[in-house]
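Hi,

Here is the structure I said I would pass on. Have a look at it first, and then read my notes below.

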Amino acid sequence: MRRLAEDPEAGMKLVVGPPASGKTTRLLEVAQSFLRQRKRVWWVCLPAQKAYVYRRATQGGAVLGLEVLSTQQLYYRLLAAHLGLKPILTGPGRVALVGEALAEGGPLPQPGEARLFARAIAEAKRHGVEPQQIPAISPEAWRLQRVYARYEELKSSWGRWDYDDFRSAALRLLQEKAEPWHLEADLVVVDGFRELSPLELRFFRALAQRVPLWLGLPQAPYGLAPSQVLPPRATRLQTYRAPNPVSEARWVLRSIKRDLALGLSPLEIAVVAPESRIPALLTLADEYGLPLFDQTAPTAAETPEGRLLLELLELPDYPTPTRLLAIPELVPLGQAALERGLVGLEAVHRLARELGLEAVWASWLARLKPPGEEGASFPLNLPSPGLPPELAWAKELLEALPEVRHSPRRASLMERAREAHRIAHGADFRHWWAALLAETYLLHRPPGGVALLTPNLASGQRWQKLYLTYAVEGGYSTGEQEDYFIPEELRVSLEEALRQAGGVLPRRFLGRDGPLLQELRALADEVVVTYPEASQEGLLEPEPMLVGATPAPLPPLPPASPLEVACGEGYKAPLGPVNLGPARLEDLRYYDECGLRYWAERLEPPSAQPEWWRQWVEALRQAGKLVPARLEALSQRFPQAEGWMRHHYALLGVLSLGYRLVHQGLEVRLDGVVRRGSEAHLYRFVAPHTPPKEAEKEVRRRWSERWAAFYLLSRYPGQIQRVHLWAWPVLGAPVLVYGKPIEKLWGVLKQLQKTAEEVHGHYKTGVVLPKPGYHCRSCRVKDVCREGRRD
């Protein structure tokens, strides 16, 4: 911790440049300069950009001291350091509290009405507008003023803050708190935003008085002079037209598969699409076998347990086959409704009566209605200490669903029920609970792969190649529209909003579509823009700023899905003879297990550095004999084995190391061999700390030692009468394999010799055929084969 008021570098540096001008690169250089001095850096960006920033920052190696935060996390950090926090009111809680404010002095509102007021209140708070500052120019505007004021009272009595309260409190803290001032970071970098609201800009300017702050924006805000202006950078743009959305989507996925086959990393490719087009792309991605991952944050209603709960809450109003199939006892009714295409209460009532399931259907219908709703079977006087009847019913319903009972999201689902109970009872409680599930956004950490994003999620990031799909008029827009409560003519210009920095509402119509489209064209080094000429609704017009004047038709690409192949069969690698070279016996064992795997793994680049004990074994093999001078050299090179080597030197010193046997084109190399009279002892070194049973099992799997034993016994019958096999864990003691001389297993040895000759014959032909089996699960080259995946 340090006193920031005494920092001579304190101040805000503004870096301005169009998309793809290198703002992030410049800011990373600044951050790296601080990190090299062992200082802490906070990088503030949108939540979707967090993984991208870490990936960019660590391209040259690991970094220490960098932390990527969202603005909300930044406010939280500042307030937590000065003990100024309250519990957070989440998005669903805000809608519920607004609904409670609306219900006072009037009928119970619908969830959609409460959502409309909640968003208007959020916009007002985002610009520092208090309830009394809203112009009461109409009954609805006056109503907003009243609901806003009541919402603040309810929230205050509950002792919570919404998201906008954190921003306002952090700004007040910066403006009002006297010295000394302490902050964990030595530098704050703000990047990845298209624009900042007046309050956000005011906050960062206040923070810049306490700590060095660098800010990157496409355009300089009104009243601020940039410290550095970066020129635009050219990007490669390709535009294509497709006959319809399906052919467009299939071509894009084929092209992505070709990119991956050519060696492009999945993290360097992205697909941007309107949110309505994302489900179709994900469905086709499964067919093409592509690692395409949706980056949009799911709601609680989109999780398996949330979806099931939502189906049950909506079933009493409008039963459908899908909702009926969610209940095991109603599966026959759901299947019959699906076959006949029936939906609705009356139709399902008649079908249940026809199938003799009327009692079961009526029982579930009553069970899915909370207390107070007509036809409910849940007793109002159920003993549930501290719980009202509706919440007791909600708890019992969650307990009855196995998918929910053990889910980590169960507490969140119950919290939505508590919020709904603040407003509604009876049938309205069920409707409100269902609505709040759709307002609950969950923490989303998608796996690495080809990113599928909306324009907002793609903002502030950059890839090597990007596919911009469905580029039709209206497909990509910021959605500027007039407010329901405050008309555009009563709002002020952006310059005036920035000058006042709070207490006013800026205009909504600022022509933001142009900068958005310009940004989309510059999100990658290579941008491929596609659009469909028509859909089921009719002809579609391309977006001129994205597509240009003369888009070309989609170029042909080879098939990338089994359904695109005429014969309908999956891809099968062409398998011709290859030159496999000379064979050692262990090569034959691997080849016999799966010829294609053996051949393909030989083409893989060698690992960077083998384990130390493998290097030690290789050094012993090259030595031939462990003489004292060699022992000293190995002790210096492998100090971890020095004491062990000296302890076992009496045995190690007499072994013939790296012993080589060649017979009829077959080669065997043994780690260590020693002959004592008519007995031969063969040693195989295994990994350190291998348990005796595992060490013995490992040597038993091998062919080399057993084949060598058969060779010695059959080639020198008078001189070698017994052979012992030993597994020797490095840093451990030798373990006798089989617990007896190997000649006792003469039949097994003879069969191994015969098998080795047969496999060697196939090996010399150079034929590599796949042999599916359990080993396919651990195969590193199964994507080359595909044989193990075929039906």
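**A buried arginine, and what surrounds it**

At 1% relative accessibility, Arg 430 falls in the buried class. Keep in mind as you read that this is a predicted model. Arg 430 sits in helix 19, which covers residues 427-437.

So what does the side chain of Arg 430 reach? One partner is the backbone oxygen of Leu 313, at 2.6 Å. Another is the side chain of Asp 317, with a polar contact at 2.9 Å. Leaving out residues up to four places away in sequence, Arg 430 touches Leu 313, Pro 316, Asp 317, Leu 368, Pro 370, Glu 373 and Trp 393.

**The cores**

Next to Arg 430 in sequence is Phe 429, and that one belongs to the largest nonpolar core, a set of 65 residues. Phe 429 is among the residues with the most contacts inside that core, along with Leu 309, Leu 333, Trp 361 and Trp 433. Again not counting residues up to four places away in sequence, Phe 429 touches Pro 370, Glu 390, Leu 391, Trp 393, Ala 394, Ala 417, Ala 420, His 421 and Ala 424. Another core, of 35 residues, lies apart from this one; Leu 14, Leu 196, Phe 204 and Val 211 are among its members.

Phe 204 also turns up in the surroundings of Leu 74, a residue of helix 3 (residues 71-81). Leu 74 is buried, at 0% relative accessibility. Beyond its neighbours within four places in sequence, Leu 74 is in contact with Trp 42, Val 44, Leu 69, Phe 203, Phe 204 and Leu 207. If you like sequence-distant pairs, try Leu 74 and Ala 170: they are 96 residues apart along the chain, but 8.9 Å separates their C-alpha atoms.

**The sheet**

In what order do the six strands of the open sheet run? The order is 3-2-4-5-1-6, with parallel pairing. Strand 3 (66-69) and strand 6 (228-229) are the edges, each pairing on one side only.

Here is how some of the strands are joined:

- Strand 1 and strand 5 run parallel and are joined by six bridges; Val 16 stands opposite Leu 217 in strand 5.
- Strand 4 (residues 187-190) and strand 5 (residues 212-217) are also parallel, with three bridges between them; Val 188 has Leu 213 of strand 5 as its bridge partner.
- Strand 1 pairs with strand 6 in the parallel sense, over two bridges; Val 15 stands opposite Gln 228 in strand 6.

Two helices to look at here are helix 1 and helix 2. Helix 1 (residues 23-36) lies across strand 1 (11-16), strand 2 (41-44), strand 3, strand 4, strand 5 and strand 6, and runs at about 160° to strand 2. Helix 2 (residues 50-57) packs on the sheet too, where it touches strand 2 and strand 3, and its direction makes about 160° with that of strand 3.

**Helix 10**

Helix 10 (residues 278-288) has a buried set made up of Ile 278, Leu 281, Leu 284, Ala 285 and Tyr 288. These residues are on the same side of helix 10 because they cover an arc of only 130° around the axis. As general background, an α-helix has 3.6 residues a turn, so residues three or four places apart point the same way. On the other side of helix 10, Pro 279, Thr 283 and Asp 286 are exposed.

What do the buried residues of helix 10 pack against? Their partners are helix 9 (245-261), strand 8 (269-272), strand 9 (292-294) and strand 10 (450-453). Gly 289 follows helix 10, and its phi is positive, near 65°.

**Two positive phi values outside glycine**

Please have a look at these two before you set anything up.

- Arg 38 is not a glycine, yet its phi is positive at about 60°. Arg 38 is in the loop between helix 1 and strand 2, and is exposed, with a relative accessible area of 81%.
- His 689, also a residue other than glycine, has a positive phi near 65°. His 689 is in the loop between strand 19 (679-686) and helix 30 (692-701), and counts as exposed at 71% relative accessibility.

Over to you!

Key. Residues numbered from 1 in each chain as written. Predicted model: local features only at pLDDT ≥ 70, side-chain atom pairs only at ≥ 80, totals over all residues. Heavy atoms only, no water. Core = buried A, V, L, I, M, F, W, Y, C linked by side-chain atoms within 4.5 Å. Buried < 20%, exposed > 50% of the residue type's maximum accessible area, 1.4 Å probe, protein only. Contact = heavy atoms within 4.5 Å. Pairing = 2+ DSSP bridges. Helix = DSSP H or I, 4+ residues; strand = E, 2+ residues; numbered from the N terminus. Axes fitted to C-alpha atoms, helices over the stretch in contact; angles between N-to-C directions. Arc of directions from axis to C-beta. Polar contact = N/O pair within 3.5 Å; in protein donor to acceptor, adjacent residues only side chain to side chain.
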